[in-house]
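Here is a quick tour for anyone meeting this molecule for the very first time. Take a look at the sequence and the picture, then read on.

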Amino acid sequence: MTGTPPSFEVLSGDPDSPVILHVPHSSREIPGDVRSGIVLDDAGLERELDHITDSHTASIAEAAARAAGVTPWRFVNRLSRLVVDPERFPDEREEMLAVGMGAVYTRTTHKDVLRPDGFDAEPLIERYFHPYARAMTRAVVDRLAATGRAVIIDVHSYPSTPLPYELHGDGPRPEVCLGTDSFHTPPGLLAAAREAFAPCGGTGLDSPFAGTYVPLEFYGKRAEVSALMVEIRRDTYMTEPGGPAGEGLSRLASALTTLIDAASR
């Protein structure tokens, strides 16, 4: 967790594909100067990364993209969400501020101190959050210009047992949770996702995590930008909390490929 790896990577797809696979939480990388602002010792940080990282989701997205009939674009965060979380609102609109997990986390998944009281988040917001948001906005603009629409498929995972930080952890925890937005998730996209992931077990809606990611420039304004969050329960494809992937990964990648193909038509 030293050095300064690239903050994100945009992997080109087919020029005619409207689909962007967004993988925001798969990395464990933390630049050294960011690590110095985290109060956990190395062992404690590794434990936290085990719990907070959506492990192997970049691999699921890569395998799905390679198998798709029309190759989607991929936007992959190459840094841990403990640097910044690009999917949070960067202001008081973010409900996760209640547990110290806004755009820059100050508490852990178990509500322990991650960064000290009074930590100034603005340098991290400026250095990482805003450039990421601008780049994702450009990616959507490019798909709109090329195809007249953009379909953002957000690839996440979540633990089989609720963690203390979860605000809505008492609801159902299906094998695959589909997060939706009333404006940006059309019925056809949701139906395609339900059908695609049916072989992976039960699918549920907006529980334990709800909503989906759309860059703020388009949020609630451009219906040509559609979006769906795919939250995969970790015990279906890996050893929890932060262990290796298992045979379930290929089955989930195949299901995601089916969704990509449906969304590309």
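## A word before we start

A residue is called buried when its relative accessible area is under 20%, exposed when that area is over 50%, and partly exposed in between. Keep in mind, too, that this is a predicted model.

Take D206 as a trial run. With a relative accessible area of 25%, D206 falls between those two cut-offs, so it counts as partly exposed. D206 sits in the loop between strand 6 and strand 7, and we'll come back to it further down.

## The overall build

The chain has 6 helices and 7 strands. Reading from the N terminus, they come in the order β-β-α-α-α-β-α-β-β-α-β-β-α. The radius of gyration is 17 Å, close to the 18 Å that the globule rule gives for 265 residues, so the chain is as compact as a globular protein of that length. If you drew a box around the C-alpha atoms along the principal axes, it would be roughly 50 × 35 × 30 Å.

Of the 265 residues, 53% are buried. Looking at contacts with a separation of 6 or more, 80% are between residues 24 or more positions apart. On the outside, the accessible surface adds up to about 11,100 Å², and carbon and sulfur atoms hold 52% of it. As for charge, there are 25 positive and 38 negative side chains, and the centres of these two sets lie 2 Å apart.

## Two nonpolar cores

Which residues touch the most other members of the largest nonpolar core? They are L21, I153, F197, L228, V230, L256 and L259, out of 34 residues in that core. Elements giving two or more residues to it include strand 2 (19-23), strand 4 (150-158), strand 7 (225-233) and helix 3 (57-67). Helix 6 (248-264) is on that list as well, and it supplies the largest share, 8 residues. Apart from this core lies another, with 28 residues, among them L45, L82, I125 and M229.

L21 gives a good feel for who meets whom. Setting aside neighbours within four places in sequence, L21 is in contact with A61, A65, P72, W73, R74, F75, I153, V155, L256 and I260. Helix 6 also holds T257, which counts as buried because its relative accessibility is 8%. Beyond its neighbours within four places, T257 is in contact with four alanines: A63, A64, A67 and A68.

## Two buried prolines in loops

P24 is found in the loop between strand 2 and helix 1 (32-35). Is P24 buried or exposed? Its relative accessible area is 0%, so P24 is buried. Not counting residues up to four places away in sequence, P24 touches N77, L79, P86, E87, Y132, D154, V155 and H156. One of these partners, E87, is 63 residues from P24 in sequence, yet their C-alpha atoms are 7.5 Å apart in space.

P159 lies in another loop, the one between strand 4 and strand 5. At 9% relative accessibility, P159 counts as buried too. With neighbours within four places left aside, P159 is in contact with E166, R173, R233, R234 and E240. The C-alpha atoms of P159 and I232 are separated by 8.6 Å, while their positions lie 73 residues apart along the chain.

## Unusual backbone spots

Most residues other than glycine have a negative phi, and most peptide bonds are trans. Here are some places that go the other way.

Let's start with phi. H56 is not a glycine, but it has a positive phi of about 70°. H56 is found in the loop between helix 2 (42-52) and helix 3, and with a relative accessible area of 25% it is partly exposed. And here is D206 again: it is not a glycine either, and its phi is positive at about 55°.

Now for the peptide bonds. Where are the cis bonds? One joins S207 and P208, with omega about 10°. P208 is found in the loop between strand 6 (203-205) and strand 7, and D206 lies in the loop between strand 6 and strand 7 as well. Another cis bond joins E240 and P241, with omega about 0°. P241 belongs to the loop between strand 7 and helix 6, and E240 has already turned up as a contact of P159.

Note on methods. Residues are numbered from 1 along each chain as its sequence is written. Side-chain values use heavy atoms; hydrogens and water are left out. Helices (H or I, at least four residues) and strands (E, at least two) are DSSP runs, numbered from the N terminus. The radius of gyration is taken over C-alpha atoms; the globule rule is 2.2 Å times the number of residues to the power 0.38. Buried means under 20% relative accessible area, exposed over 50%, partly exposed in between (1.4 Å probe, protein chains only). Contact means heavy atoms within 4.5 Å. Accessible areas come from the Shrake-Rupley method with a 1.4 Å probe; for residues, only the protein chains shown count as cover. Lys and Arg count as positive and Asp and Glu as negative; His and the chain ends are not counted. The place of a charge is taken as NZ of Lys, CZ of Arg, CG of Asp or CD of Glu. A nonpolar core is a set of buried Ala, Val, Leu, Ile, Met, Phe, Trp, Tyr and Cys residues joined through side-chain atoms within 4.5 Å.
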